[in-house]
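Got the model open in your viewer? Keep a selection box handy and follow along, stop by stop.

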Amino acid sequence: MRRLTRPPFLAGVLLTACGTAGGAQIALAAERAEAAEGPASKEHSVGIYARTNGAVALTPARTAGGAGGGLGVRDVFRDWLILQADVAYLFGIGNLGELRAGAGIQLPGPDQTYQPAASLLVSLYFGEQLRFLSEEHPRPVWDPAVALGVELSPLRFTSERTRISVMAPGLGLVLDVPTVGPVVQLTALEVEILLP
Amino acid sequence: MSRIASTWTLAVAATFGLALPACTYDPLEDIDVAAIRAVVGDIDEQRVWADIQAQVSAHTTDGGFPCQQTGIYVPNGNCALTHTAVRATIDERLVQAGLEPRRHRQDDPIFPTVNITADLRGVSSPDEVVVVAAHYDVFYAAANDNGSGVAAVLEAARVLSAYSFDRTIRFVFFDLEEVGLIGSQRFVDAWPSEETLTVALVLDMIGYAAHQAGSQQVPPGFSAPDVGDFLALFANGHSEDHATQAYALNRALDAVRLEAIIVPSSASPARLMLERSDHAPFWLAGLPAVFLTDTGDFRNPNYHEPSDTIDTIDERLLGGGTELTIAITAAWAGGPR
């Protein structure tokens, strides 16, 4: 059973990373087929996820951002503490890499299915961007842009082996010493496979 | 202990985007600012003004572009494009500067072009070339687009030809920018393999200023004032060091209010929006080029209109732009010597 269903499950995750909403349906279908295998550990619930997202960072010294997708890994400890890291490729202003790491909490829903979450994230943006010279920044700012922010996942659902989040907004600050500016993020769709 | 501390300092700085080279790099390290200040002291602003007037007069006598012969649609009033009579004016000014103008003709049934060049040969590295360029074809008799740019390049030719430089300075006047960057594309395509382009400085409209709030349109994502009294200097990844030097030299000379913007080198929507002048063929070929402009129709209601007349030129912006043009050309050419 595992051998038959895992490939479509992974395919679903990868399709999600490519911006295909249908990938989520494939992943869920595969997950239902594997549900009989039993629940994951409650001490650590580790998963890998794919997401489609966008971000824009604006400071007096740079504008970076775009839309794209990527992959990440997440550990939920004792059903409430989240540790996660992910990487994404964004295109719009230029070719941009996004690397995020952070921690957060998830709230147990009444039926353990609806589990909204909030995370504190450090994000690095490296690659092509618009850069502006000014009195404060007479030389181009250097890679990467560093941002500190909060991401909220109000529409986040967990089933036996799959977790899905849609429309998770994030807001933070980019530090371009001596100036700062806002960074706005949106994870449109995230599909996570929980490892046994 | 101190070694460990410095390692940690480096690690923390790198982590937070404060890489130490950014703090120690001096863009003016190899530039003799005092000597360049003396060079720009030779600028004759009245002559710059007279050069614009001479171009306007020439364009006014021009018969215009034979748009019906092209048989294809060329946007924006192509029948009002003039580019023939002004060539003699450019030639004359270059000869007065002691330079030898050369015409590079490219026959074409629809869009024949004549680019005009003149070299100030470098003394120690003549095969390394700094290009300073402006297009001379205009709609109507446009004083700003691009009489201002051509006048600044002509003044650069006059002033700089009195000095010697390590590298060759090539003064270039492009044909048929307005119908699709044709002259500059042909110039880049025909670049001699035995020469190395140090950087190209392209001027297109450097004379229009608006001083009221809200006069400057700023595209989303760009950081710039909403008062249109500055010049914008655009560079990409291949020319960001040149932009940094230009910005620093402009500050040292206090030449003009300047906004410098570095855009991605690879294709992107942000870059596509900024490929509207003769620097674009250089960028597309992966060559270093910097673009200096008053941003054209992002502020100027006379853009590509008969109302682009000399009375709309801002003397101070034009003077500052000319000074910056001559200063950075001299610096990039490695001189004066």
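What follows is a tour of this predicted model, going from the two chains to their contact and then into chain B.

**Stop 1: the two chains**

Colour by chain to start. Select chain A: its secondary structure amounts to 2 helices and 10 strands, and along the sequence these come in the order α-α-β-β-β-β-β-β-β-β-β-β. Of its 196 residues, 47% are buried. If you take the contacts in chain A between residues at least 6 apart in sequence, 61% join residues at least 24 apart.

Now switch to chain B, which has 12 helices and 10 strands. Here 51% of the 337 residues are buried. Among contacts with a separation of 6 or more in chain B, 78% are between residues 24 or more positions apart.

**Stop 2: where the chains touch**

Show the contact between the chains: 26 residues of chain B meet 22 residues of chain A. Which elements of chain B give two or more residues to the side that touches chain A? Select helix 9 (240-253), strand 9 (258-263) and helix 10 (269-272) of chain B, and you have them. Helix 9 of chain B gives the most, with 6 residues. Colour this side of chain B by residue class and you get 17 nonpolar, 7 polar and 2 charged residues.

Next, select strand 6 (residues 130-133) of chain A together with strand 9 of chain B. These two strands pair across the chains in the antiparallel sense, over 3 bridges. For a landmark, pick F132(A), which stands opposite I261(B) in strand 9 of chain B.

**Stop 3: along to strand 8 of chain B**

Keep strand 9 of chain B on screen and add strand 8 (residues 231-236). The two run parallel and are joined by 6 bridges. Here N236(B) is a handy pick, since it is opposite V263(B) in strand 9 of chain B.

Is strand 8 of chain B buried or exposed? Of its 6 residues, 6 are buried. Turn the strand over and check each face: L231(B), L233(B) and A235(B) are buried on one side, while A232(B), F234(B) and N236(B) are buried on the other.

**Stop 4: the nonpolar core**

L233(B) also leads you to the next stop. The largest nonpolar core holds 121 residues, and L233(B) is among those with the most contacts inside it, alongside V153(B), A157(B), L201(B) and V290(B). Helix 7 (residues 143-160) of chain B gives the most to this core, with 10 residues.

Centre on A157(B). Leaving aside residues up to four places away in sequence, A157(B) touches L94(B), A97(B), L99(B), A118(B) and F171(B).

**Stop 5: helix 8 of chain B**

Select helix 8 (residues 182-189) of chain B, where 7 of 8 residues are buried. Those buried residues are I182(B), G183(B), S184(B), Q185(B), R186(B), F187(B) and V188(B). Turn on the surroundings to see what they pack against: strand 2 (102-106), strand 3 (113-120), strand 4 (125-135), strand 6 (167-174) and helix 11 (280-284) of chain B.

**Stop 6: a pair of helices**

Select helix 4 (residues 45-61) and helix 6 (residues 86-96) of chain B. Their axes come within 8 Å and cross at roughly 150°; the two helices are therefore roughly antiparallel. Show side chains for D51(B), A54(B), Q55(B), A58(B) and H59(B) in helix 4, which meet V86(B), T89(B) and R93(B) in helix 6. By class, the residues of this contact are 3 nonpolar, 3 polar and 2 charged.

**Stop 7: backbone oddities**

Most peptide bonds are trans, and most residues other than glycine have a negative phi. Here are some exceptions to look up.

- Zoom to D145(B) and N146(B): the peptide bond between them is cis, with omega near 20°. N146(B) sits in helix 7 of chain B.
- Go to G335(B) and P336(B): this peptide bond is cis too, with omega near 5°. P336(B) is in the segment after helix 12 (315-332) of chain B.
- Select R78(A), a non-glycine residue with a positive phi of about 50°. R78(A) is in the loop between strand 2 (62-77) and strand 3 (81-92) of chain A, and counts as exposed because it has 9 C-beta neighbours inside 10 Å.
- Finish on D254(B), also not a glycine, with a positive phi of about 50°. D254(B) lies in the loop from helix 9 to strand 9 of chain B, and with 9 C-beta neighbours inside 10 Å it counts as exposed.

How values were computed:
Residues are numbered from 1 along each chain as its sequence is written. Chains are lettered from A and ligands numbered from 1 in the order in which they are written. This is a predicted model: local features need pLDDT of at least 70, side-chain atom pairs count only at pLDDT 80 or more; totals for chains, interfaces and linings use all residues. A nonpolar core is a set of buried Ala, Val, Leu, Ile, Met, Phe, Trp, Tyr and Cys residues joined through C-beta atoms within 7 Å. A residue is buried if 20 or more other C-beta atoms lie within 10 Å of its own, exposed if 12 or fewer, and partly exposed in between; C-beta atoms are placed from the backbone. Helices (H or I, at least four residues) and strands (E, at least two) are DSSP runs, numbered from the N terminus. Two residues are in contact if their C-beta atoms, placed from the backbone, lie within 7 Å. Ala, Val, Leu, Ile, Met, Phe, Trp, Tyr, Cys and Pro count as nonpolar, Asp, Glu, Lys and Arg as charged, and the others, Gly among them, as polar. Two strands pair if DSSP finds at least two bridges between them. Axes are lines fitted to C-alpha atoms, for helices over the stretch in contact, and angles run from 0 to 180 degrees between N-to-C directions. Angles under 35 degrees count as roughly parallel, over 145 as roughly antiparallel, 65 to 115 as roughly perpendicular and the rest as oblique.
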